[in-house]
Amino acid sequence: MNKLCQSCGMPLKRDPNGGGSNADGSKSNDYCSHCYVDGAFAQPDINAEAMRQLCINNITAGGIPKILARLLTRKIPKLKRWSV
Ligand SMILES: [Zn+2]
């Protein structure tokens, strides 16, 4: 099992649902419940840079400085979903 969601980089153990769901109802080993629902991406048309911006917004909304948010999200473009 991947430790990080391969779409947004969130640690899967911090996912309250324990991961995204596959089409057959099993848990996804790669993606969190925000990114992947019932076997499909929640935002199918997003790209890595837009995903990174979204995560930066979410992180800074939680009171974390933007410079730290940028650091935390710097690996997003290298995740499995974007490395095609
Ligand atoms: Zn995710």
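Colleague: What share of the contacts in the chain between residues at least 6 apart in sequence join residues at least 24 apart?

Modeller: In this predicted model, 41% of them do. A pair counts as a contact when the C-beta atoms lie within 7 Å.

Colleague: What makes the chain agree with a compact globule?

Modeller: For 84 residues, such a globule would have a radius of gyration near 12 Å, and the chain has 12 Å, so the two agree. The C-alpha trace spans about 40 × 25 × 20 Å along its principal axes.

Colleague: Which elements does the chain hold, and in what order do they run?

Modeller: There are two helices and two strands, and from the N terminus the order is β-β-α-α.

Colleague: Why is Asp-38 called exposed?

Modeller: Asp-38 has 11 other C-beta atoms within 10 Å, and exposed means 12 or fewer, so the label fits. Asp-38 sits in the loop between strand E1 (36-37) and strand E2 (40-41). Its phi is positive, about 50°, although Asp-38 is not a glycine.

Colleague: And at the other end of the scale, how much of the chain is buried?

Modeller: Buried residues are 25% of the 84; each of them needs 20 or more other C-beta atoms within 10 Å.

Colleague: What makes up the largest nonpolar core?

Modeller: Eleven residues, among them Cys-5, Cys-8, Leu-12, Tyr-31, Met-51 and Ile-76. To belong, residues must be buried, of a nonpolar type, and joined through C-beta atoms within 7 Å. Leaving aside residues up to four places away in sequence, Met-51 touches Ser-7, Cys-8, Ile-46 and Ile-76. Of these partners, Cys-8 and Ile-76 are listed in that core.

Definitions and conventions. Residues numbered from 1 in each chain as written. Predicted model: local features only at pLDDT ≥ 70, side-chain atom pairs only at ≥ 80, totals over all residues. Contact = placed C-beta atoms within 7 Å. Helix = DSSP H or I, 4+ residues; strand = E, 2+ residues; numbered from the N terminus. Rg over C-alpha atoms; globule rule 2.2 N^0.38 Å.
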